[in-house]
Amino acid sequence: MRRQDVDGLNAGYASLLLEQYLVNPAAVPAEWRRLFESGETELVESLPGLARLLEAVEHEPEGNGGAVVEAAPPPPPAAAPDEELLGGVAAAMALVRAYRMVGHLAAALDPLGSEPPGDPALEPMAMIPKLTPELQARIPAAVLRMYVPAETLADALPLLQETYSGTLAYEIEHISDHEKRVWLRQAIESGRYRTPLAPDERRALLVRLSQVEGMEAYLRKSFLGQKQFSLEGLDAVIPMLDEAIELAAEDGAHEVVVGMAHRGRLNVLAHTVGRPYETILREFEGERSFEAVAADPEGGTGDVKYHLGARAQRATKAGEIAVTLAANPSHLEAADPVVEGTARAVQTDRAGGAGLHDPSVALPVLIHGDASFAGQGVVAETLNLGALAAYSTGGTLHLIANNQVGFTTDPAQGRSTRYSSDLAKGFDIPIVHVNADDPEAAVSAIRLAMAFRRRFHHDVVVDLVGYRRFGHNEQDEAAYTQPLMVEAISGHETVRALYAERLVADGVVAALEVEELEAEVTAALRSAHDALRATFGADPAEHEERLPASSAGTPATAVAVEALRTLNTELLAVPDGFTIHPKLARQLERRLDALDEGGIDWGQAEALAFGSLLREGIPIRLTGQDSERGTFSHRHVVLHDPHTGAVHVPMQHLDGAAAAFEIANSPLSEFACLGFEYGYSVAAPEALVLWEAQFGDFVNSAQPVIDQFVVSGLSKWRQSSRLTLLLPHGYEGNGPEHSSARLERFLQLAAQENIRICNPTTAAQHFHLLRRQALEATARPLVVMTPKGLLRLKGASSTLSDLADGAFAPLLDDPVSDHASVRRLVLCSGKVYYDIVGSERYPAAEGIAIARLEQLYPFPVEAAAELTSRYSSLVEVVWVQEEPQNMGPWRAIRHRLEEAKPDGVPLRFVGRPWRASPSEGYPTAHLREQDRIVREALAPV
Ligand SMILES: Cc1ncc(C[n+]2csc(CCOP(=O)(O)OP(=O)(O)O)c2C)c(N)n1
Ligand SMILES: [Mg+2]
């Protein structure tokens, strides 16, 4: 029976049938019986009479102390039904719904025993009519669309209570997708994932909890006051991860990528990743003595032990699986998008086309703090990536390690919502809350979460509610700020002890065994520690953190003319029947002529660089805001048929291309999107991964990713990347925010050849630079100041032979023939060059040469010295920039220019004066400044 069949029915008839059914199911026609018994269809609700009854009950006001209001009287039925029973069914349905909606408010989630707030909607006696025990016993469970195994509401109620308001609780009803909601209700109410653990599993769980607690206790005792960010109170995190890894392996995953902050990280390193106790103990010893780390002035800085990443193979029932713990900075949650990008890279086969994404290959797991999850904006940005085609990782398992405090800040000061997890509701994510003192429930929460991921490839949150047994770290006194919590905890047994008591009571283990277990764990730690101590005094060379040298050779980046011709044609080809927008078609057709006539512009040079790399087997991934078309409408690598809306990406159909081309418009985020690409680039070292800012200015919304990962990852974690940032930069009168990609900041962060920073001024330079970045043996991030106006400027375009010959030049000399006549050497970088040479004063300017610095870091020391030495009659060297003196390259490269210029020749600055804001807001003021700069550069010498 379908909904439309029901809708038109007489309310009284339907109600009568329902009443008959309640008395004797066999008495009603089979299709009606099926309808009443249908668990999933929700058709029962659409019975007109019943719907009105339901409405009356559901509109019972909440939060008024459970006061009962008069319900609207039900419509008179055709025959006199059993009003009480009928009303009881409606009330029972409302009660079931209330359990699903707000059962969590009555759940026993806090191990410290705080009283849950409850909700009047969960009170049977507050229903209309009152659901007395007698009435409950008359209401058949079958009509209530539940999945708890019960005959009547009376049987079902305790099960509902246990299911929705026990040590586990759920928030699923906010999910907009009906199929997911119904699946979750079934999974939760049937108890499918709550199957009791077998005795040997329970024993194994106790062993695990003993190891967790044992390690924390051993470290605390042995290294008094050293920070370990103890996990105690949330010990169940480790068995939960065990379960997730087992299930991921069972689903065919090769890798689990875990991201987390400080809390419990040492325990995860030891027990989840399997880092030997010796290694962890060595780091504690290293902190205590000066012995372990040999200072190396050329080396990396390394990082504190609770930030270090690790990777290891781990055995599961389904075979071996790699477990990676991502390195992370102090910045809470900053690693979230990085982990997602890493997982995505692992999940993607980059052999060709658009790449083949298989989410079953890797499971991303993010462990969040309760304060961080609610407070850090990057969490929202990361969740927003979850279901996007270009970013999805097939569902992330989010685990909130909820100790109900953030450093010294209570939840009441830390968030505006009830739960730490509330943000996730806006992303259609199911939320499972679980009391951390019930490790079996915690494990079953993971089972449900993983089953949901497997079924829907969607994120899921498990909120593990526990406590923090000690201070924020081992140097903190929690009683100063959380005195009552500390008192409650001091009288509260540990997770392990409580579980051990439970197993002893159930006869699974003997009390003596529990003690033996504890002793075994401590003995294992002590023997690892003894073994480590025995190695002290040995050669410390293995601890040196020397950075890998950057490469000596420069790869060939020129591409043969014929190959470029073929590529160019292929890049303009579309399938039969596909139409390109006529205006765009004209633009693209110009690319055909450009090979012979010159005028290869930025977009074309970039496309040829990408295409040639794909042919050479280098996969490419490019994302950014509106990057498919290009913010300045210059790229157009994704074509849209104006008649059909069909999409075609010629780059993904190149003949003989042996690598994937992934391109996507990103969501409007910088922090998460750049973090994601950084993670991707680390895990895909063979690929050219590019992230483009809409305007370079917006890159500062991702500043933590730049500071904490891109520029310092190598030094801290020996983590290399060839991530390429395309940042539109240049003063074109668009005001303070659309002018500057804050080049000065990248230059300040550049040291030890950690990154490359370039500002190319021709299409061919861009071509060679991209190819060099992809082909260079040594991976380093590249920051490119990309143009806006130059994208189509004739003077900045190139010829076929520019691409077929040569290489990226870090410095471009003036093509003057008579160097000896030059008295002023103007050095500049980027677009201002064209302002100078395009000026009407330029042709008349005598004795002036204009050279361009195309690579700002590493500074081309030798090339610069060689260039200046060509000019024998210099009276001055002038550095010209459009940026204010406190911005742009000047302050970072001044010393290099001093070194490069001939002795005795003065160096002078021309540019905007010191400014608090990058540029003028008024177009005329901008033009005046540009003109002044050009005039000064070209002033008679
Ligand atoms: C972005 C950022 N801001 C501030 C801090 C300083 N800080 C370190 S831990 C912490 C509290 C974190 O609380 P929570 O997320 O609940 O994790 P817990 O320490 O309780 O496990 C703060 C504020 C930080 N590390 N990162
Ligand atoms: Mg916390």
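How do helix 5 and helix 7 lie relative to each other, roughly parallel or roughly perpendicular? Let's start there, everyone, and keep in mind that this is a predicted model.

Helix 5 covers residues 83-102 and helix 7 covers residues 153-165. The angle at which they pack is about 15 degrees, and their axes are 10 Å apart. Angles under 35 degrees count as roughly parallel, so helix 5 and helix 7 are roughly parallel to each other. Their crossing is left-handed. On the helix 5 side, the contact is made by Ala92, Leu95, Val96, Tyr99 and Arg100. Helix 7 brings Leu153, Leu157, Leu160, Gln161, Tyr164 and Ser165. If you sort the residues of this contact by character, you get eight nonpolar, two polar and one charged.

Now to the metal. Which protein residues are donors to the magnesium ion, ligand 2? They are Asp370 through OD, Asn403 through OD1 and Val405 through O, lying 2.0 to 2.1 Å from the ion. If you like to follow along in the sequence, the spacing of these donor residues reads D-x32-N-x1-V. Aspartate 370 and valine 405 are 35 residues apart, so this pair links distant parts of the chain. Aspartate 370 belongs to helix 14, residues 370-375, while valine 405 is in the loop between strand 8 (397-402) and helix 16 (411-414). Aspartate 370 has 3% relative accessibility and therefore counts as buried. Valine 405, at 4%, counts as buried too.

Next, some backbone details. The peptide bond from isoleucine 128 to proline 129 is cis, and its omega is near -5 degrees. You will find proline 129 in the loop between helix 5, which we met earlier, and helix 6 (133-138). Another cis peptide bond runs from tyrosine 857 to proline 858, with omega near -10 degrees. Proline 858 sits in the loop between strand 22 (855-857) and helix 31 (861-869).

Last, a couple of glutamates. Glutamate 333 is a residue other than glycine with a positive phi, near 70 degrees. Its place is the loop between strand 4 (319-325) and helix 13 (335-347). Is glutamate 333 buried or exposed? With a relative accessible area of 7%, glutamate 333 is buried. Glutamate 753 has a positive phi as well, near 50 degrees. Look for glutamate 753 in the loop between helix 27 (743-749) and strand 17 (756-758). At 35% relative accessibility, glutamate 753 counts as partly exposed.

Thanks for listening!

Notes:
Residues numbered from 1 in each chain as written. Chains lettered and ligands numbered in written order. Predicted model: local features only at pLDDT ≥ 70, side-chain atom pairs only at ≥ 80, totals over all residues. Heavy atoms only, no water. Axes fitted to C-alpha atoms, helices over the stretch in contact; angles between N-to-C directions. Helix = DSSP H or I, 4+ residues; strand = E, 2+ residues; numbered from the N terminus. Parallel < 35°, antiparallel > 145°, perpendicular 65-115°, else oblique. Left-handed = near helix turned anticlockwise from the far one by under 90°. Contact = heavy atoms within 4.5 Å. Nonpolar A, V, L, I, M, F, W, Y, C, P; charged D, E, K, R; others polar. Donors = N, O, S within 2.8 Å, 3.2 Å for Na, K, Ca; no water. Buried < 20%, exposed > 50% of the residue type's maximum accessible area, 1.4 Å probe, protein only.
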